[in-house]
Amino acid sequence: MTRLWHPFADMAVVQDAEVVIARGEGATVWDEQGREYVDARGGLWYCAAGHGRAEIADAAAAQMRTLAAYDTFERLANRPALDLAERVSALAPFPGGAVFFTSGGSEAVDTAAKLARRYWHALGRPDKQVIVHRRHSYHGMNAYGTSLAGIPSNREGFGMLIPDVASVSHDDPAELEALFTERAGTIAAFIGEPVIGAGGILHPPEGYWATVQELCRRHDVLLIADEVITGFGRLGRWFGSERLGIEPDLITCAKSLTSGYLPLGAVIASERIQEPFWTRPGTLFRHGFTYSGHPSACAAGLANLDLMARERLVERVAEMEQILTAAVAPLRSAPLVSEIRSGLGLLAAVELHTDARAADPGIVDRAVHACRDNGVLTRGLAGRALQISPPYVITHAELERVAAGIAAALETVAASAAAA
Ligand SMILES: Cc1ncc(COP(=O)(O)O)c(C=O)c1O
C-alpha cells in the first residue's frame, strides 16, 4: 500500500491502484512498466513546452549550483526573479505591470484577492471586500480558492472559510449587474477564467466579456482574470485576455509559466493597482511567501519562455487550434457523447450525456481508465467531460491518436454499460 496521499483521490481505491509515470518526451509519457501514452492532458494543463526539454532542466540546474534559493522579502532580490518579472511584464496585455511571484496558482488567487481588498483599503474604501466569482469556476484550493469554488463538491465539508464572496451565473451578465447594484459599494473584485477550465472547458458566450468589462468599470469593481490555465499561450495568444478582449486590473498565472518544470505562479498588477503602494511610502502590501521569486524556479521560467519564443510555440497553438477541432469533431457521434467543445486554443472537452452520467455516476472515471488502456492520458472534468489540453508541441498524428483512443474507449465503456 502506498504512503502517498494523492490530491483529489479516493484513497480507499487509489492506495492499491496507482499509475506511476516515469518519463516524458514531447507529448508522450511512459509509466514504470514502460507503457506509452499520449499526454492529452498536458500534465495538469501545465506542460506547454513538452516533456524532456533539457534546456529548461539545464537552466534550473545551473541556477541551483550558483544560488539555489534566496528570498525576495523587503529589499532583497535575485537576478532570475528580476529578469522574469521584466519578461512577464512585457508579455502582459497591459503596459507597466508589476509581477508578484507565488509558488503556484492557488497562492496567486489568494494574493490577487487580498491585493484587491488591500487596494480599496489603501484608497480609503475599506467596505469594498466582496470577491465575486462564477458558478462552474475553479480558482485553486487554498482558503480563498475553496471559498470561490464554483464546482460545489470542491466546497463541500469545509464549512465557511471566507465569508465575503458571492457567486453569479457563468454566462449571464444580467445576474452580475443585479448583484453589483444590490451590493453597491461593497464589492472589491470580480474574478473569472477567460475560458472556464476545470469546470468543463466552458467558452464565454459572444459578447460576454465586453459586457462584464463595462459593468466592472461602471460599478468601480476590479477585474481579476484568472489565467492559471490560459496564461502563456494556451489560447493561441500569450494571454487569454488578449484573445477575448479582456482588460483586467490583475492577472493570476502559473502552470505554463515554467511548463511545470518547477512550481511557480504570479500575479500581474496593472499600474492602477500599483499606484497607492508604489507612490506612497508607508503603504505596504504586507503579504508574500518564502518562495516568492525563487531563483531556480524563475530560471526555469526564463528558459521556458525563451524556448516558447524561439520555437514560436504560441503561434503554433493558434495554428493547431483548427487541427484539434477537426480531429475531435468525429467524436460527436461516438457513443455517450453529447457535445464537443473546442475552437479556442489547444483546449477541448468531450462531454458525456447527462442521462448516462445520471444512470452511472462512475462513467466519466471509467472512460478515463479506458482511454488510458488505449494509450491516452486524459482526465474527468467536474464529473461531466474529458479534458484535452496537450503540450503545444503535439503533432497532428498524435492528436489523431488522442481522438481515436477516446473513441475506442467510449465504445468499450458504452458496451459494458449496455451489458450491465
Ligand atoms: C483557473 C485556475 N486557477 C487556479 C488554479 C490553482 O493552481 P494550483 O493548482 O497551481 O494551485 C488552477 C489549477 O488548475 C486553475 O485552473
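Colleague: In the hairpin of E11 and E12, which residue takes a positive phi?

Modeller: Keep in mind that this is a predicted model. With a hairpin, look at the residues between the strands. Here there are six of them, and Gly343 is the one with a positive phi near 105°.

Colleague: And how do the two strands of that hairpin pair, parallel or antiparallel?

Modeller: Antiparallel: E11 (residues 337–341) and E12 (residues 348–352) share four bridges. If you want a spot to click on, take Arg341, whose bridge partner in E12 is Ala349.

Colleague: Okay, on to the open sheet. In what order do its four strands come?

Modeller: Read it as E1-E2-E3-E13, with mixed pairing. Strands E1 (21–25) and E13 (376–377) sit at the edges with a single partner strand each, so one side of each has no neighbour in the sheet.

Colleague: How many bridges hold E13 to E3?

Modeller: Two, and these strands run parallel. On the E3 side (residues 36–39), Asp39 has Leu377 of E13 as its bridge partner.

Colleague: Now helices. Which residues of H10 are buried?

Modeller: For a helix, buried means under 20% relative accessible area. In H10 (residues 271–279), that gives you Ile273, Gln274, Pro276 and Phe277. They span an arc of only 160° around the axis, which means they lie on the same side of H10.

Colleague: What do those buried residues pack against?

Modeller: One helix, H5 (105–122), plus strands E4 (98–102), E8 (222–226), E9 (250–253) and E10 (265–269).

Conventions. Residues numbered from 1 in each chain as written. Predicted model: local features only at pLDDT ≥ 70, side-chain atom pairs only at ≥ 80, totals over all residues. Heavy atoms only, no water. Buried < 20%, exposed > 50% of the residue type's maximum accessible area, 1.4 Å probe, protein only. Arc of directions from axis to C-beta. Contact = heavy atoms within 4.5 Å. Pairing = 2+ DSSP bridges.
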